[in-house]
Amino acid sequence: MVAPDALHELRKTLRKGQQTMADWQGGELAVSAVPGAGKSTGMAVAAAIAIANFNLHRQKQLVIVTFTRSAVSNIRKKVSEHLKNLRLPQSSFTVSTLHSLAYNIASTHRELSGFGLGETKIISESLKQKLIRNATNIWVKENPKLYDLLLEGKNFDGEDTERLRRQTVLRTDVLPSLAREAIATAKSSGLSATQLREAEAPDGGDILAIAAGLYETYERLLRQEGAIDYDDMILGALRVLKNEGVRKYWQERIFAVFEDEAQDSSPLQTELLEILAQNSLTPQPPLPKGEGEQDFLLSSPRGRGAGGEGKNLMRVGDPNQAINSTFTPADPRFFNEFCDRCNINSQLSTLDQAGRSTRNVMRAANYMLHWVNHSEYAKIENPFRMQRIRPVDEDDPQKNANPEPIGKGVEIYMPNTVDDIEHEITMIGDRIKQLHDQDPKLSMAILVRQHNQGRFVAESLAWLTKEHEIKIYDVEQSDRRSRVPMDMLAILQFMERPHSPDNLKAALEVLKDRQKISSQQDLNALASNPEKFLYPTLLDPAISQLAQESQAKCIGLLRAKIELPLYNLIPFVAFTLYDEEAGLLATADKLGDRLNQQLVGSYSMQTVIESLREIVESENFEAVEDENLEGRYMTGGQVTLISLHKSKGLDWDVVFMPFLHKRICPGEAYIPESVKFLGDFGLPEVTRAQIRAIVHSDRLPNAEEAWKQCNYLKQAEEFRLLYVGMTRAKRLLWLSAAQSAPFSWNTLENRTENAPICPAITELARKFPELVSW
């Protein structure tokens, strides 16, 4: 037994909101935490106290789940330290990612999981994309009528060139994207292909029927591979838990479940945790036995046990930091509904005190949140949960008082002061130098929304390193290095089979991404007829100057295959793609050495391509890094260049957020010209909105309504991303937008004068004019 005084002293280390977690006595508890509130600190203390109060041990454990391995390590370390101080057994709890927990359950009972009795391969992302492409090709062959309907679209005159272009668009872009969306959204929600097909879509159901067919074909190919994807881990665990005896076995071993980052959970993940958190002594209705493999959810959008009776479940998250819902199955609506349900029963705790930021940073973030929720951008549903960030008390038990600001704490730079993006970055560079001179140990970061913005910033601020030895740590550069094998594979496959539209399109995409050709052209049109593009005759119509430049690049690659020895192709392609980027060239050199060693005696174009494909699919190639990444993101004395998405969970003394224009935040859902023959909407986005309606038991929207919903939801997420970026700053937050900005960041030539600024930033400037430099 642990002395009550020891637990009381541990509880006293927490703030008032965190103490609600430590006082948990069983049942359901929702914890909605603002940025910097110390939710992992509160969870670790709550876990240790629960283990002490309920005498937990190896056979009756507390299970903590989160979403990343680094978070697992962090929480495990904190809980272990508390248990050590309390002299409690380390075996009384486990920490794992949600997928790892699910896989453990499924693989322990293979006969029930549906995985089969042999070795189960977890599919890599690259192999998944390959299966999706294959599923697309198979679906086209098996569904000629539906495919022809898509091909005809609207305003089709039967012209052969346009037909070829539309075929390329559908096969390489639209249908694979539609398949990815349908598989991710439906599968993670427990919906089968049959359920999608049977949904009564108001527009005749063609889009959902296509989605169902692609989903079904992908599942068939996945089974043929003897592989599973990440959603299958959850599904396999749920199949196992359909068995009453096995379900009781796991429920008896698990006393309670604590979930971190709950705003990022999918419906099936939530369903799994609710089953495991169920008290095994509480009478339970049998799990449903649906016709399809994925029939796990009941009619309630929250799944089984929506009332929460008999569950020992604490879910901790921040719906206002839900920034993955437009490209993952996560939807903040699920966690918001859980919070609302718990609030009715007085089981909701809000951690609203945060010691991370200075008061003006919190004031700016709070006002932005409030304004967005009362603006036109909240027509469908509020982008944010209404909760304000408050400073910590003067006698904060964690001795983490809000920091003193640098200057005013927030600096807003608007047009007239900022003429164009070059001037904007020069101003940021000058401010960095000034701050660094004042305090060389300051940690600083520049947060960007798009990768091309990061590349522009890195090139523009190179003088800081050369002239003043201020290090710019470019996180995105590391990501680009990891793509080297994929780039090489795409180019070599084109060199091997240049007449394949798929291969030509993939090579053009790589050249565009590496900024070797202009993005201001329709790559689908170029790739639709490779022979005419690569080897035009005098009778063929002339192509544009941009297309001629792309043509010359491709022909140069094909000539190299003829003129150079095979072992020189990797270096040649590397110099073509990466020329002055030393890190990428070093990574390509490392890749070439590996292929040389691996293919001694059998070096041919075919074996090189096959080996590259294996490397890409196994994802086991590590890029060359100048330094160890551990602890590099927030190191003092450097400037970290990082995307807004990757900045979540991190913080810096000074944060710069440039290029805050309305076209990007909140932006609008975009339909490329190349796909407008299908309608004034995007098929993948419509699919997502319609599946979302099925999951939430809402009325199924038609295509036009679904597209509008997607636009609103995208804009809501962009505002949440802005909120995440703002709340990374501890002592100084810089917000800026230039008067002139690129129409597209793929090319900087075409500028928009008087570019509209993000409306939330305009409102901040109006509300707090003392923070603005005009």
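This report covers model confidence, backbone geometry and one strand pairing.

The model is predicted, and the mean pLDDT of the protein is 89, with 93% of its residues reaching 70 or more. Two stretches fall outside this picture of confidence: over residues 281–293 pLDDT stays under 50, and the model has 21 contacts beyond four places in sequence for them, while over residues 296–307 pLDDT also stays under 50, with 39 such contacts. Where pLDDT is low, the predicted coordinates should not be read in detail.

Turning to the backbone, most residues other than glycine have a negative phi, and most peptide bonds are trans. Arg 87 has a positive phi although it is not a glycine, and Glu 261 likewise shows a positive value in a residue other than glycine; the table sets out both.

| Residue | Phi | Loop between | Relative accessible area |
|---|---|---|---|
| Arg 87 | about 55° | helix H4 (69–86) and strand E3 (93–97) | 79% |
| Glu 261 | near 55° | strand E6 (254–259) and helix H14 (267–276) | 17% |

Arg 87 is exposed, because its relative accessible area of 79% lies over 50%, whereas Glu 261 is buried, because its value of 17% is under 20%.

A cis peptide bond, with omega of about 10°, joins Cys 665 and Pro 666, and Pro 666 is located in the loop between strand E13 (652–657) and helix H30 (683–695).

Further along the chain, strand E15 (residues 741–744) and strand E16 (residues 747–752) run antiparallel and are joined by three bridges. The connection from E15 to E16 is a hairpin through two residues, and Pro 742 has Arg 751 in E16 as its bridge partner.

How values were computed. Residues are numbered from 1 along each chain as its sequence is written. This is a predicted model: local features need pLDDT of at least 70, side-chain atom pairs count only at pLDDT 80 or more; totals for chains, interfaces and linings use all residues. Side-chain values use heavy atoms; hydrogens and water are left out. Two strands pair if DSSP finds at least two bridges between them. Helices (H or I, at least four residues) and strands (E, at least two) are DSSP runs, numbered from the N terminus. pLDDT is the predictor's confidence in each residue, from 0 to 100. Contact means heavy atoms within 4.5 Å. Buried means under 20% relative accessible area, exposed over 50%, partly exposed in between (1.4 Å probe, protein chains only).
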